[in-house]
Each structure stands twice: as structure tokens, then as C-alpha cells.
Amino acid sequence: MARYLLTRALSLGLSLIVASVVIFALIEVIPGDPASYMMGLNATEENLAALRTELGLTGSAVERYLGWIGGMLTGDFGTSYTYRVPVADLVVDRIGVSLPLAIYALTLSTLIAFPIGIIAASRRGTWADHGIMGATQLGIAIPNFWFAMLLVLLFAVTLRWFSAGGFPGWSDPLAALKALTLPAVALALPQASILARVMRSALIDTLEQDYIRTARAKGLSRGQAIRRHALRNALIPVLTIIGLQFSFLIAGAIIIENVFFLPGLGRLIFQGITQRDLIVVESVTMLLVFAVILVTFLVDLAYALVDPRLRRG
Amino acid sequence: MTRLPPALVLGAALSGVFLIAALVSLVWVPHGVTGVSIATRLQPPSATHWLGTDQLGRDLLSMLMVGAQTSIAVALLAVGIGISLGVPLGLAAAANRGGWLDEIIMRGNDLIFAFPSLVIAILITARYGPSASNAILAIGIFNIPVFARVARGAALPLWTLDYILAARTAGKGRFRISAEHILPNIANLLIVQATIQFSLGILAEAALSYVGLGAQPPVPSWGRMLAEAQTMIYTHPMLAVLPGFAIVLTVLGLNLMGDGLRDVLDPRLRRGRA
């Protein structure tokens with residue numbers, strides 16, 4: 001277990017270092033001067049020089065990288081060029097939208113995917129199975145932002161059950177959750193389709209194992225065998241996908257937040273992009289990538305809990 | 001001749017429609033898509049404009065046809081990047097199993113996998129300017145590890161087979177064996193994977209151009225048509241519905257085709273997919 005943890009932790013650290021170097025290089029090193037990019041065509045030489053000093057672009061690439069990472073580690077994400085406030089403050093504001101949205105969507109996707117995946121696997125080859133598999137094919141093919149528009153069309157424009165966008169803040173938790181519902185459903189649908197398919201095939205694999213036959217021979221019903229033995233073993237591939245999905249949810253949320261005008265991290269990145277505020281883009285991207293890599297690490301730890309073989313390894 | 005799986009036929013028919021539409025649009029469209037005609041804006045479907053016109057009076061059917069061209073070109077080139085770089089990497093990793101090259105390639109792949117791809121795609125297009133070519137690059141980069149992994153995984157078991165051993169005793173080098181014996185034998189798997197990556201590429205292109213980071217105006221693209229239609233969703237919902245259908249049907253067609261191809265090309269899987 002200790003060795004497993006150690007190798008996982010090492011790979012977590014390595015991933016973070018490489019990720020930060022890539023992001024830094026993309027934004028600050030490879031061709032083009034970030035300062036002139038940010039100021040546009042009409043910048044004077046004095047203004048550019050002032051901005052370079054302000055951004056800390058005067059040192060060597062290595063110095064700048066270390067300065068940036070050092071800052072990130074101590075909670076200093078730099079100062080936004082357009083908002084004139086610390087990026088950390090912006091992030092704290094926005095994370096209150098993005099994180100609940102991701103969790104809401106992940107919960108919905110799991111709640112939808114588990115039962116339908118289990119039904120499809122245990123009724124393999126029946127019309128229920130075919131229907132579920134057909135529906136999930138469709139779910140995978142639908143772009144989440146288009147699904148979001150259809151949801152708006154149906155539930156906000158036609159039925160008027162939800163508002164088409166915006167976020168009222170957490171002072172009224174019910175209203176906040178309601179505002180996040182359509183975005184979460186839009187995010188959850190493609191994820192649930194993938195997850196249900198994985199759940200089905202993982203469960204089918206385990207149901208063919210000898211220990212399931214033994215359990216059935218012992219007198220357990222099919223349902224009991226699934227609940228007591230098959231599900232736990234099917235969870236490993238399912239967990240992998242849930243971990244991967246978090247990364248897709250983060251990316252998806254960037255776009256969905258824009259569909260629904262939600263003031264989250266994704267919208268912050270896009271505002272950074274349109275306002276050419278590279279400090280915001282760089283730090284927020286790093287934060288999102290950090291979140292994704294951390295979740296991958298936590299999923300690896302979860303394996304060890306689900307699969308005792310890994311603990312000994 | 002065995003019967004083709006229905007998924008393959010249906011998938012090929014669906015994606016074929018859009019492929020043909022894209023090809024036809026290279027030489028002919030019902031109406032030009034660059035001209036603005038305020039007089040004919042937002043018209044309902046008619047004999048002249050089969051699907052109606054958009055907010056700038058452009059023929060919607062023509063826009064969809066040229067949009068298919070954009071989507072397919074971007075996704076196809078991105079798959080091309082993935083295959084041309086990923087497959088050699090994967091083959092090299094398999095040929096030097098356990099060596100430093102294998103280790104570097106596979107760890108590098110793990111790292112790219114850990115990245116949220118769309119975030120990096122957004123980063124690239126944001127920093128180097130939104131354009132179709134940057135979108136291709138951004139999507140293509142993430143196809144590299146996918147193909148490297150598939151190629152390596154499929155090539156590894158082949159290296160233990162007798163005919164490869166025979167080729168080695170005949171004095172062929174690892175490179176020649178990979179090119180002459182391994183590659184033809186893993187081509188089926190690569191084709192299936194290419195179909196899947198193609199459909200993911202179409203989705204990614206749509207997402208990027210929806211947020212304005214893909215092909216730029218006046219080049220029509222499905223994603224941007226959706227973005228432009230969003231403000232008019234209250235008054236002209238069809239403008240937002242049709243490009244979405246185009247995306248869904250193309251992607252669905254490609255996915256079905258991928259499943260069908262897998263069944264045809266890899267008989268070992270047929271048993272498990274009853």
C-alpha cells in the first residue's frame with residue numbers, strides 16, 4: 001500500500017510540474033510577446049515596457065516560471081490586468097459556481113447511469129437493453145451545449161419552469177440550485193450515456209465470472225448476486241471513467257457556463273481570453289488542470305479501497 | 001460474403017449523407033453563403049430556400065452543406081495528425097518494449113491524457129488566435145496519445161508470434177518488421193479508432209467554433225451557426241435546431257460505423273457482442 005501510494009504521489013507531482021511547464025510555455029514563451037498581445041495594435045513602446053514590468057516579463061523564462069509557480073503555491077495567482085484585483089479573489093468568487101455545478105452534474109450522471117447500466121446488463125439482449133443502448137448512443141452524439149440550448153428552448157422558453165440563464169448567488173440556496181439545474185442536466189447527459197455503457201459492459205464481464213456462478217449455485221438470486229458480488233467488482237472500470245469524466249465536466253462546464261451566463265471559472269477564462277487578460281487565463285487554466293490531475297490521483301486511491309489486491313502490490 | 005451488421009449500414013448511410021453534402025458543396029451549393037441579403041432574412045422553408053434563411057438572409061441548407069465541409073475537414077486533418085505521429089510512436093514503443101523509449105512515450109502519453117483536452121485546445125486557440133488551423137492543431141495533439149496507445153497495445157502481442165520471430169531470424173530490423181508485418185496487422189484496429197476519433201473531432205470542432213475559437217467568419221461552421229442562433233432562440237428556434245441535428249446525425253453515424261466496423265474487422269469481438 002505504501003509503495004502504491006508513493007508511486008501515485010510521485011506521478012501526481014510529475015504531472016503537475018509538466019502541466020505547469022506546458023501552460024507557461026504556451027502562454028509566455030513560444031512566439032509573440034504577451035505584452036503586445038494583451039495591449040493590441042495601438043500600444044506605445046512606453047506602455048508595453050510598463051506592462052512588461054507589471055507582468056514580471058523582464059526576467060528570464062526560468063525566473064518567471066519559478067516566480068509564477070512560487071506565487072501559485074502560496075496562493076498568489078497574480079493580478080488581473082483588466083479587473084485590477086488579485087486573480088485569487090476572482091477564483092474564490094467563481095469557484096462557488098463551478099464546483100457545485102461539476103458536483104451536481106457528476107451526481108446526476110451517476111444517479112442516471114448506475115440504474116440504467118445495471119438494468120441493461122442484467123437484461124442483456126432484451127428490448128430494454130437495446131433501448132438503453134440506443135438511447136446512450138444518441139446521448140454520446142449530442143453536443144452538450146446544443147442540448148443546453150434545447151433545454152432552454154423547452155424548459156425556459158416554452159414551459160417557463162426555469163430561467164434561461166444567470167445566477168442569483170448562494171444567499172438563496174434553493175434559487176441557486178434551481179439556476180444550476182438546467183446546466184447540470186446538460187452536462188450530465190453525455191457523461192451519463194458513457195458511464196451507463198461502461199457500467200453495462202463491466203457488469204456483463206463480471207457476471208460471466210465463476211464466482212457469480214458459485215454465488216448463484218449457493219442459492220443467491222440474480223439480483224442478490226449482482227448486489228453482493230458483481231457490482232463491487234464492476235466498480236473499478238466505472239471509477240476510472242468517473243475520474244476521467246471529471247476532466248470532461250470541467251471542460252464541458254467552461255462551455256456550458258457560457259451558454260447559461262453563469263459566473264464560474266469557465267466564464268472567467270473566456271472573459272480573460274476576449275479581454276486578452278493572459279494572467280487570468282494562465283492561472284485559472286493551471287487551477288483547472290490541477291483539479292483534474294488531483295481527481296485522477298484520488299481515483300487511484302479509491303481503487304486501492306475497492307480492490308484490496310492493489311493495496312498489497 | 002457475410003451480412004454486414006445493421007449498425008455499419010445505418011452509420012455509413014448517416015455519415016455518408018453529410019460526407020456527400022460536404023463534397024457536393026465544394027462544387028455547388030443551392031445559394032451562395034458569403035453574400036448578405038437582408039431582404040430575404042429569416043424566411044421560413046420555401047421552394048427556393050428548402051430549409052429557410054438565417055438572420056443575414058443566407059440559405060440555411062447551403063450553410064449546413066458548407067458547414068459539413070468545415071467540420072469534416074477539421075476533424076479529418078486532426079485524425080491525420082494523430083495517426084501520422086501517434087502510430088509511429090506506438091509502434092516504436094512496442095518494438096522497444098520496456099526500453100527507455102517505451103517508458104518515455106508511455107509516460108508522455110499518460111500526461112497528455114491527464115490534461116482536460118478542451119482546456120488546452122482553448123488555451124492554444126486563445127493564445128495563437130482563433131482559426132480553423134489552430135483548431136485542427138489543438139484537436140490533433142490529443143489524438144496522438146490515443147493512436148500511440150492503440151498501436152502499442154495491438155503491436156505488443158504480435159511481437160511474440162512465430163512469424164515475427166521468423167522475420168527477425170531472417171535478419172529484418174525492428175523498423176522493417178514494424179512497417180512490413182506489424183502495421184498491416186493492426187490496421188483494422190487503427191481504422192476503428194480513427195472512426196471514433198473522427199466523431200470526437202467533429203464534436204470538438206463544434207464546441208470550439210461555438211465559443212468562437214474555430215473557423216472564423218465568413219466560413220460557415222455548425223458550431224458557430226448554433227452560437228449565432230442562440231440569441232434568436234425565442235423567435236426562430238429552427239435556426240438553433242437544424243445545425244445541432246447535423247452534428248448529432250454525423251457523430252451518431254460515425255459512432256455506429258465504428259461499432260459496425262469493429263464487428264466486421266475483428267471477428268474475435270463478435271461473440272461478446274450478441
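Modeller: Helices are DSSP runs of H or I with at least four residues, numbered from the N terminus. The model before us is predicted. With that definition, A:Arg160 can be placed in the loop between helix H7 (144–158) and H8 of chain A.

Biologist: What is the sign of phi at A:Arg160?

Modeller: Phi of A:Arg160 is positive, about 60°, although the residue is not a glycine. A:Arg84 also has a positive phi, near 60°, and is likewise a residue other than glycine. A:Arg84 sits in the loop between helix H4 (61–73) and H5 of chain A.

Biologist: Which residues does a cis peptide bond join in chain B?

Modeller: The cis bond joins B:Pro217 and B:Pro218, with omega at about 5°. B:Pro218 belongs to the loop between helix H7 (174–210) and helix H8 (222–230) of chain B.

Biologist: How many helices and strands does chain A have, and how many are there in chain B?

Modeller: Chain A has 13 helices and zero strands. Chain B has ten helices and zero strands. Along the principal axes, the C-alpha trace of chain A spans about 85 × 55 × 35 Å, and that of chain B spans about 75 × 50 × 30 Å.

Biologist: How should a pair of packed helices be described?

Modeller: The description rests on the angle between the two axes and the distance between them. Within chain A, consider helix H9 (residues 210–217) and helix H10 (residues 222–259), whose axes come within 9 Å and cross at roughly 150°. That angle makes H9(A) roughly antiparallel to H10(A), and their crossing is right-handed.

Biologist: Which residues of H9(A) and H10(A) meet?

Modeller: From H9(A) come A:Tyr211, A:Ile212, A:Ala215 and A:Arg216, and they meet A:Arg222, A:Ala225, A:His229, A:Ala230 and A:Asn233 of H10(A). Sorted by class, this contact has five nonpolar, two polar and two charged residues.

Biologist: I turn now to the two chains together. How is the size of an interface given?

Modeller: A frequent choice is the accessible area lost when the parts come together. Between chain A and chain B the buried area is about 3,700 Å², and carbon and sulfur atoms give 77% of that. Of the area that chain A buries against chain B, A:Leu26, A:Trp146 and A:Met149 supply 17%, more than any other three residues. The contact takes 44 residues from chain A and 37 residues from chain B.

Biologist: How does H7(A) pack against H9(B)?

Modeller: Their axes lie 10 Å apart, at an angle of about 145°. H7(A) passes H9(B) in a left-handed crossing. On the chain A side, A:Trp146, A:Met149, A:Leu150 and A:Leu153 take part, facing B:Pro237, B:Ala240, B:Val241, B:Gly244, B:Phe245 and B:Val248 in H9(B). The residues of this contact divide into nine nonpolar, one polar and no charged. A:Trp146 and A:Met149, which take part here, are also among the three residues named for their share of the buried area.

Biologist: Where H6(A) crosses helix H9 (residues 237–265) of chain B, what is the angle?

Modeller: The axes cross at roughly 125° and come within 8 Å. Angles of 65 to 115 degrees count as roughly perpendicular and those over 145 as roughly antiparallel; H6(A) is therefore oblique to H9(B). The crossing is right-handed. A:Gln137, A:Leu138, A:Ile140 and A:Ala141 in H6(A) meet B:Val248, B:Val251, B:Leu252, B:Asn255, B:Leu256 and B:Asp259 in H9(B). By class, the contact has seven nonpolar, two polar and one charged residues. B:Val248 thus appears in the contact with H6(A) and in the contact with H7(A).

Biologist: How many salt bridges are counted between chain A and chain B?

Modeller: The criterion is a side-chain nitrogen of Lys or Arg within 4 Å of a carboxyl oxygen of Asp or Glu. Between chain A and chain B the count is one. B:Asp259 pairs with A:Arg197, the closest N and O atoms being 3.9 Å apart. B:Asp259 is also one of the residues of H9(B) that H6(A) meets.

Biologist: How many salt bridges does the structure hold over all chains?

Modeller: Over all chains there are ten. In chain A, A:Glu208 forms one with A:Arg124, where the closest N and O atoms are 3.3 Å apart. A:Glu208 lies in the loop between helix H8 (173–207) and H9 of chain A, and A:Arg124 in the loop between helix H5 (87–122) and helix H6 (127–141) of chain A, so the pair ties together parts that are 84 residues apart in sequence.

Key
Residues are numbered from 1 along each chain as its sequence is written. Chains are lettered from A and ligands numbered from 1 in the order in which they are written. This is a predicted model: local features need pLDDT of at least 70, side-chain atom pairs count only at pLDDT 80 or more; totals for chains, interfaces and linings use all residues. Side-chain values use heavy atoms; hydrogens and water are left out. Axes are lines fitted to C-alpha atoms, for helices over the stretch in contact, and angles run from 0 to 180 degrees between N-to-C directions. Helices (H or I, at least four residues) and strands (E, at least two) are DSSP runs, numbered from the N terminus. Angles under 35 degrees count as roughly parallel, over 145 as roughly antiparallel, 65 to 115 as roughly perpendicular and the rest as oblique. A crossing is left-handed if the near helix is turned anticlockwise from the far one by less than a right angle, and right-handed if clockwise. Contact means heavy atoms within 4.5 Å. Ala, Val, Leu, Ile, Met, Phe, Trp, Tyr, Cys and Pro count as nonpolar, Asp, Glu, Lys and Arg as charged, and the others, Gly among them, as polar. Buried area is the accessible area (1.4 Å probe) that two parts lose on being put together, summed over both.
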